[in-house]
Amino acid sequence: MRAQVAQGFLPGVATAVLRGREVVDRFVCGQADVEAGVPLRGDHIFRVFSNTKLLTSCAVLLLLEDGRLRLDDPVERYLPALAHRQVLRPGAQRIDEVEPARRSITLQHLMTHTSGLGYGAFDPGTLLFEAYQAAGVHNPLLTQQQFIDTLAPLPLGFQPGERWEYSLATDVLGCVVEVVSGLALGDFFQQRICGPLGMTDTAFWVPEDKRPRLAALYGGVDFMDPLKPGLVRMDDAPFPGAYTSPRLRQSGGGGLVSTLDDTVRLIQALMPGSEALLKPDTLAAMCRNQVAPGQYVQFPNMPANPGRLFGLGSSVLVQPGPFDPPTATDEVSWGGLAGTVWWINPRLAIAGVLMTQRYYGFGNPYTFEFHNLAYQALGC
């Protein structure tokens, strides 16, 4: 990791490796702000993007344990605008070439990214990408209800339950949590997750007194060559003023900031044991494959990885691939767009966290390198 910083590939990086709930290695190096020469510290705040999905998934599962919802509930029970969906016909050439959905979207579909929703971010040129962009589903000025109302008339990309596609499903689940709990998503996180676990810096925005601890965001110098060293500052990504003031919509799919220590506290609480955030059966279901045969994690223009399936909110590795540690079977993991990653192997009782701020960094080689070296260091 120090070499990644020295080569100008990462501005700074903070990592932790756990055996059980014990942090056996914690490492911080590099800069929080390269231009200002501010060294990265363990208390610096990172934009975690899709690491947010882990908290939203836990929120849904906590409400399930409360008996306030079920995974087989149709989403329109809580968000009526999402009823009676239309689906793109196979081979559709226009966005209006649709057929009725054969079933409702369920919360299980949303938890496993098999709902038929898209993201409108990773597949430019497709019908859904163009439709999501034209409709403005990512507009940061939308309220939660406006987000749902904007998404509602757009067709699904496939029949619910019949494919896996990374999507805005977790953002929809964040809206469900708000409807069921009667709380803003951030308030629910604070009451049920962040407060009890002592995650004092995890929130949807950074107040003025904490602003000096917000690490700067960088991107690579060549988006088409992710291996090329060099960094470009990206203060206005994903939009000007992001994270520095409250927003109307708290994105359950990617809106949080957090620190290394806060993320470690959450990972510790998801390790099996008597002090876990979730009940043993819930935690086991979360970490077990929940998608149908033939479905697996697949991103556009990326190599197929049929050994990486999906549980309730996170990927589940059932067969390590060429870039995975050979012993990583049963691991659950995910990451964020700015390079933050986490993984837990409940079978081996080990875990790892990596925090950095390189936009479009998740999936870059340094994440695989850290992953493999952590397993080796743990003797696994």
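Which side chains meet in a salt bridge with an N to O distance of 3.9 Å? In this predicted model, the partners are Arg102 and Glu99, and the distance between them falls inside the limit of 4 Å that a salt bridge is allowed here. Of these two residues, Arg102 counts as exposed, at 52% relative accessibility, whereas Glu99 is partly exposed, with a relative accessible area of 25%.

This pair belongs to a wider set of charged contacts, for the structure holds 21 salt bridges. Among them is the one in which the side chains of Asp43 and Arg41 meet at 3.0 Å, counted from N to O; here Asp43 is partly exposed at 32% relative accessibility, and Arg41 is partly exposed as well, with a value of 39%. Another salt bridge joins Arg192 to Asp66 at 2.8 Å, N to O. Because Arg192 lies in helix H7 (residues 185-197) while Asp66 sits in the loop between helix H2 (52-65) and strand E5 (86-88), this pair ties together parts of the chain that are 126 residues apart in sequence. Arg192 is partly exposed at 27% relative accessibility, and Asp66 is partly exposed at 37%. Salt bridges can also link up into a network, as they do for Asp33, Glu35, Arg233 and Asp235.

From the charged side chains we can turn to the strands. Eight of them form an open sheet in the order E3-E2-E1-E14-E13-E12-E11-E10, and their pairing is antiparallel. At the edges of this sheet are strand E3 (38-39) and strand E10 (308-310), each of which pairs on one side only. Within the sheet, strand E12 (residues 332-335) and strand E13 (residues 341-345) pair in the antiparallel sense over four bridges, and Ser333 stands opposite Trp343 in E13.

Helices pack on this sheet too. Helix H8 (residues 260-269) touches strand E1 (12-19), strand E2 (22-33), E13 and strand E14 (350-355), and the direction of H8 makes about 155° with that of E14. Helix H10 (residues 365-377) likewise packs on the sheet, where it touches E1, E13 and E14, and its direction makes about 30° with that of E13.

Finally, the surface has a nonpolar patch of about 390 Å², which is made by Phe223, Met224 and Tyr360. One of these residues, Met224, is placed in the loop between strand E7 (218-220) and strand E8 (231-233). Met224 counts as exposed because its relative accessible area is 71%, and exposed here means over 50%.

Note on methods:
Residues numbered from 1 in each chain as written. Predicted model: local features only at pLDDT ≥ 70, side-chain atom pairs only at ≥ 80, totals over all residues. Heavy atoms only, no water. Patch = residues over 30% accessible without salt bridge, like charges linked within 9 Å, V, L, I, M, F, W, Y side chains within 5 Å. Areas by Shrake-Rupley, 256 points an atom, 1.4 Å probe, with all protein chains shown as cover. Helix = DSSP H or I, 4+ residues; strand = E, 2+ residues; numbered from the N terminus. Buried < 20%, exposed > 50% of the residue type's maximum accessible area, 1.4 Å probe, protein only. Pairing = 2+ DSSP bridges. Contact = heavy atoms within 4.5 Å. Axes fitted to C-alpha atoms, helices over the stretch in contact; angles between N-to-C directions.
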